[in-house]
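Here are some short exercises to work through with the model open beside you. Try each task before reading its solution.

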Amino acid sequence: MNNYQIYIDTDEPNENAADFIKLDVSRTFPQLGIFQEGGPYHNTLEGILGAYVIYRPDIGYVQGMSFLAAMLLLNLDAVDSFICFCNLLNRQCQLAFFRIEQKMMTMYYSVYEEYFKENLPKLFNVFAKQNLSPDLYLVDWLYTLYSKSLPLDVACRVWDVYLRDGEEFLVKTALGILKMYEDILLEMDFIHLAQFLTKLPEDIDAEKLFHSISAIRMTVNKKSFSFVLQQHIDSLSNR
């Protein structure tokens, strides 16, 4: 019997986790109406998230997980969704963020900022002057792999490439979003920047976004993303 079935057949393993799960499930893709109470996928989504709490009690439930599991349920059955969900959260970047490993999170922010400065120097300087750090907006994008921040159809396309190319594409997507809106972001103050980036426009055009993403260069001083990332990881290990 797998963990998904165990969760369905037994009492809730953690009262606090169960409360958070119920709250988050009710707010997951509300426009679809299929994950809310009474919807066809409500119990299934709760079950997958509850099963994960049993499977990985060291991580438990973290806000944002419901969007990841829901994205998988839109494409797979419950058991396959649970398996993919576990594998997805076991990736290096997701594991660092969902475990809230501050050193690793800071390391990813540093890698991101290298590519930010390389690709969008004017906007990078504006963000620096406004003291707008990546943790104010990037964290939400990474937690949900853009499934909460972007329109669903656009997020699905981002996931397709991410599952093929890995976390490099998460950085590339973030910079693609900034590039697409660079002209208006350059004119904003801190408050408006934060508001805009934490609630992106609902009418984002997929073609325009992917055109912006394709213009992002993922090399710094002729070094690939994987090389730069490994440099930062090695530096972190040597501290």
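**Exercise 1.** How do the residues of the lining of the second largest pocket divide into nonpolar, polar and charged?

Before solving, note that this is a predicted model, where local features need pLDDT of at least 70, side-chain atom pairs count only at pLDDT 80 or more, and totals for chains, interfaces and linings use all residues. Residues are numbered from 1 along each chain as its sequence is written, and side-chain values use heavy atoms, with hydrogens and water left out.

*Step 1.* List the lining: M71, L72, N75, L76, C84, N87, L88, R91, C156, W159, D160 and L163. A pocket is an open set of points on a 1 Å grid over the protein atoms alone where a 1.4 Å probe fits, with protein on both sides within 12 Å along at least five of seven lines; lining residues have an atom within 4 Å of a point.

*Step 2.* Sort them: eight are nonpolar, two polar and two charged. Here Ala, Val, Leu, Ile, Met, Phe, Trp, Tyr, Cys and Pro count as nonpolar, Asp, Glu, Lys and Arg as charged, and the others, Gly among them, as polar.

**Exercise 2.** Place the second largest pocket relative to the domains.

*Step 1.* The domain assignment gives domain 1 (16-90) and domain 2 (101-238). Their centres, taken over C-alpha atoms, are 25 Å apart.

*Step 2.* Both domains give residues to the lining of the second largest pocket, so this pocket lies between them. In that lining, α10 gives the most, with four residues.

**Exercise 3.** Describe the largest pocket in the same way.

*Step 1.* The largest pocket holds about 370 Å³ of space, and the second largest pocket has a volume of about 220 Å³. A volume is the space filled by probe spheres set on the grid points, which are joined across faces, edges and corners.

*Step 2.* Its lining has 19 residues, with K148, S149, L150, K199 and E202 nearest the centre of the largest pocket. They divide into ten nonpolar, four polar and five charged.

*Step 3.* Domain 1 and domain 2 both contribute to the lining of the largest pocket, so it lies between them.

**Exercise 4.** Is T173 buried or exposed, and which residues does T173 touch?

*Step 1.* T173 is buried (under 20% relative accessible area, 1.4 Å probe, protein chains only), with a value of 0%.

*Step 2.* Not counting residues up to four places away in sequence, T173 touches Y146, V158 and I213 (heavy atoms within 4.5 Å).

Conventions. Domain bounds come from an automatic or database domain assignment. Helices (H or I, at least four residues) and strands (E, at least two) are DSSP runs, numbered from the N terminus. Buried means under 20% relative accessible area, exposed over 50%, partly exposed in between (1.4 Å probe, protein chains only).
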